[in-house]
Amino acid sequence: MTRSLSRTLRTLLAAPLAEFAACGDASSVPDIPSNPAVETYASALGVTIASMTRRSDALYVQDLTVGAGAEAVAGRVIRVTYTGWLVNGQRFDTNVGGAPFSFTLGAGMVIPGWDQGVAGMRVGGKRKLVIGSALAYGRSGSGPIPPNSTLVFDVELRGVQGAAARRVG
């Protein structure tokens, strides 16, 4: 190939690639939500969708330990410890070993998958949540979470405020 032809091909290929790279905002990400039912999960996550309870197309739950304390219901402030992973097994967040995270259940303070997935847990309970992007961060992603990602959480309910709750740990 001649030198000028090679240079011309590089120029022709570089322009569309540069244009594509410049479109890095969320509007350039296809609006195709993830589907937890068809994901491949890292074995370390212990996710078997077939053995989980399907709450919606984008939410699967599995009680690992059923708690005996107060129930998490909408409007109550709850305290949880959790770890979150991407389906490939990469941990993106945790507060295990630190202070519990508090939020008002059902108030939209967290992703919808948490509001829906934590409801009904009892203090002392541990639950695995598999949340599709439609109930997580959608096509925009967030920090280390790529757009349209299915997320896996292990959540322990540590307390329910405003109820005769038995504090765990």
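**Figure 1. Arg127 and Asp63 meet in a salt bridge in this predicted model.** The closest approach of the two side chains, N to O, is 2.7 Å. The pair links distant parts of the chain. Arg127 lies in strand β6, residues 126–131. Asp63 lies in strand β2, residues 59–65. The two residues are 64 apart in sequence. Arg127 is buried, because its relative accessibility of 4% falls under the 20% limit. Asp63 is partly exposed, with a relative accessible area of 42%.

**Figure 2. Arg122 and Glu71 form a salt bridge between two loops.** Their closest N and O atoms are 3.5 Å apart. This pair, too, links distant parts of the chain. Arg122 sits in the loop between α2 (112–118) and β6. Glu71 sits in the loop between β2 and β3. In sequence, 51 residues separate the partners. Arg122 is partly exposed, at 35% relative accessible area. Glu71 also counts as partly exposed, at 32% relative accessibility.

**Figure 3. Arg54 forms a salt bridge with Asp57.** The closest N and O atoms of this pair are 2.1 Å apart. Asp57 is exposed, because its relative accessibility of 56% is over the 50% limit. Side chains of opposite charge can pair when their charged atoms come close. A search of the whole structure finds four salt bridges, among them Arg54 with Asp57.

**Figure 4. Strands β3 and β4 form an antiparallel hairpin.** Strand β3 covers residues 77–86. Strand β4 covers residues 91–94. Three bridges join the two strands. Thr83 stands opposite Thr94 in β4. Four residues lie between the strands of the hairpin. In this hairpin, Gly89 takes a positive phi near 95 degrees.

**Figure 5. Asn95 is buried in the loop between β4 and β5.** Strand β5 spans residues 101–104. The relative accessible area of Asn95 is 11%. That value is under the 20% limit, so Asn95 counts as buried. The side chain of Asn95 reaches the backbone oxygen of Ala99 at 3.2 Å. Leaving aside residues up to four places away in sequence, Asn95 touches Val80, Thr81, Tyr82, Pro100 and Phe101.

Terms used. Residues are numbered from 1 along each chain as its sequence is written. This is a predicted model: local features need pLDDT of at least 70, side-chain atom pairs count only at pLDDT 80 or more; totals for chains, interfaces and linings use all residues. Side-chain values use heavy atoms; hydrogens and water are left out. Two strands pair if DSSP finds at least two bridges between them. Buried means under 20% relative accessible area, exposed over 50%, partly exposed in between (1.4 Å probe, protein chains only). A polar contact is a pair of N or O atoms within 3.5 Å; within protein, one must be able to donate a hydrogen and the other to accept it, and residues adjacent in sequence count only if both atoms are side-chain atoms. Contact means heavy atoms within 4.5 Å.
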